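Visitor: Hi, I'm new to this one. Could you walk me through it?

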Amino acid sequence: MKIQAVKGTRDFYPPQMAVRNFIVDGWKTASIRNGFVEYDGPIFEHLQMYQIKSGEEIVEQLFNFEDRGGRHLAIRPEITPTLARMVNQQINALPRPIKWFSVPRLCRAERPQKGRLREFFQWNIDIIDVEDVLADAEVVYCSLDYLRSLGLTRNDVVAKISSRRLLAAVLKNIGIPEARLDTLYPILDKKPKIPAEAFVEMLEKEIDDSDTVGMIVKLMDVQSVDDIPDLVELNDEEQAALDELAQVFAYLKQMGVEEYCRFDMGIVRGLAYYTGMVFEIHDAAGELRAICGGGRYDNLLSDFGGPKVTATGMGMGDAVLEILLREKGLLTDESVPVQTLDYFVACLDADLFGKALKVTAALRQQGHSANLNYKTNALKKQMKAADAMNAAKCIIIGGELKESNQLVVKDMKTGEQELIDAMTFLK
Ligand code: HAM
């Protein structure tokens, strides 16, 4: 029986692994450049953790199981609940504000499609205990900082920003009870991904009044904050939410990325825990799924039994990003850094193999990367092997110098050769 890889998973052969490392290394560098510190958690947690506040969509996509002790567990579909749990656990010991990043491997039982897999890597950055929307702006800025460092410009990507707080206030204003908001958000989040009629149909299932449905459809199409007062008369809460959003944009302008950012009422986010600014970065052409998404979630830590501490952050998957970078020509097999070798030790005579092994081990001991063929063969074959391993230098043992204690060291780029005493390496 031939066993296949599970649908929606990927095998990382060395070339694909090099691409993954290129992406992950970039995420780590951008995090550190922006002052975030790395953390990680376990890959499975109690099932309940995702049922509390992540929302129905995530719960439907869980890979969950019962362990031998009868505990209900789930493989992590996101790391935000783990982060909330970890921070709560040490809330009094951790210096605040907290700026943490992580690159977890996540699993979601989604229907695999372009940019959506069942197992993927996701860069997370989160800022905890900063009430000022400056933290929200920092999260958007850092996400853009990474994308810009890859060569993406405002012609390639756009950060669409909105506010759950504003949306909640407007929905309440038009008569939606607060208790209904949590079921409404995932529907509103689907709007850009489904046909207009299907969206209306979904709303009609939740809301009896057709005028209210019509109002929501209009609201979701608003392209500028200035148009909101035309739709509803602003109350204090809506005004406060609008002012807060304006402040996010003001910070982003000060940080010089305003041309990448625009308001979009249609950004709702599927996850249940967001409470304030929400955003997604999309390809400018709007052809792919979101490159990343996040926002403020001020109640998650207290929902998990901790104190009321504010939080904001985002997650960026590797799948859509890779598609976009390839489409833009910013990621080719040649542009990914390849693994190199400091020394390849070529042994031309079987009876000198022990010496080759000694030299190789000595080089490794000195901190160089060194490799050799496990069999002795002709120089041409050895050079081919050295090239395949991207060796910078090749040490040739045997051949004409078989009887001497000297070795040839060949620079693989220039072809230059020098004679060196074997003891140089063996001392
Ligand atoms: P999310 O919107 O569920 O948010 O995921 C964020 C990003 O992860 C997406 O924009 C996408 O790039 C990637 N992603 C999600 N699902 C898949 C999938 N099945 N295959 C490939 N990529 C995927 C969260 O996960 C939040 N926890 C982010 C966050 C952190 N919010 C605050 N802090």
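Guide: Sure, let's start with a pocket. Helix 6 gives the most to the lining of the second largest pocket, with 5 residues. Helices here are DSSP runs of H or I with at least four residues, strands are E runs of at least two, and both are numbered from the N terminus. A pocket is an open set of points on a 1 Å grid over the protein atoms alone, where a 1.4 Å probe fits, with protein on both sides within 12 Å along at least five of seven lines; lining residues have an atom within 4 Å of a point.

Visitor: Before we go on, what kind of model is this?

Guide: This is a predicted model, where local features need pLDDT of at least 70 and side-chain atom pairs count only at pLDDT 80 or more, while totals for chains, interfaces and linings use all residues. Residues are numbered from 1 along each chain as its sequence is written, and side-chain values use heavy atoms, with hydrogens and water left out.

Visitor: Back to the second largest pocket: which residues are closest to its centre?

Guide: They are A168, E178, Y274, T275 and N299, out of 24 that line the pocket. The lining divides into 13 charged, 8 nonpolar and 3 polar residues. Asp, Glu, Lys and Arg count as charged, Ala, Val, Leu, Ile, Met, Phe, Trp, Tyr, Cys and Pro as nonpolar, and the others, Gly among them, as polar.

Visitor: And the ligand, how many residues surround it?

Guide: There are 25, and the closest include Y274 and R269. Near means that a heavy atom of the residue lies within 4 Å of the molecule.

Visitor: Which polar atoms does the ligand come up against?

Guide: One of its oxygen atoms is 2.9 Å from an N or O atom in the side chain of R108, and an oxygen of the ligand is 3.0 Å from a polar backbone atom of G317. A polar contact like these is a pair of N or O atoms within 3.5 Å.

Visitor: Switching topic, how many salt bridges are there?

Guide: The whole structure has 24, each being a side-chain nitrogen of Lys or Arg within 4 Å of a carboxyl oxygen of Asp or Glu. One of them pairs E259 with R154, with the closest N and O atoms 3.6 Å apart. E259 sits in the loop between helix 11 and strand 9 and R154 in the loop between helix 5 and strand 8, so the pair ties together parts that are 105 residues apart in sequence.

Visitor: Where is the cis peptide bond?

Guide: That bond joins R96 and P97, with omega about 0°. P97 is in the loop between helix 4 and strand 5.

Technical notes
A polar contact is a pair of N or O atoms within 3.5 Å; within protein, one must be able to donate a hydrogen and the other to accept it, and residues adjacent in sequence count only if both atoms are side-chain atoms.
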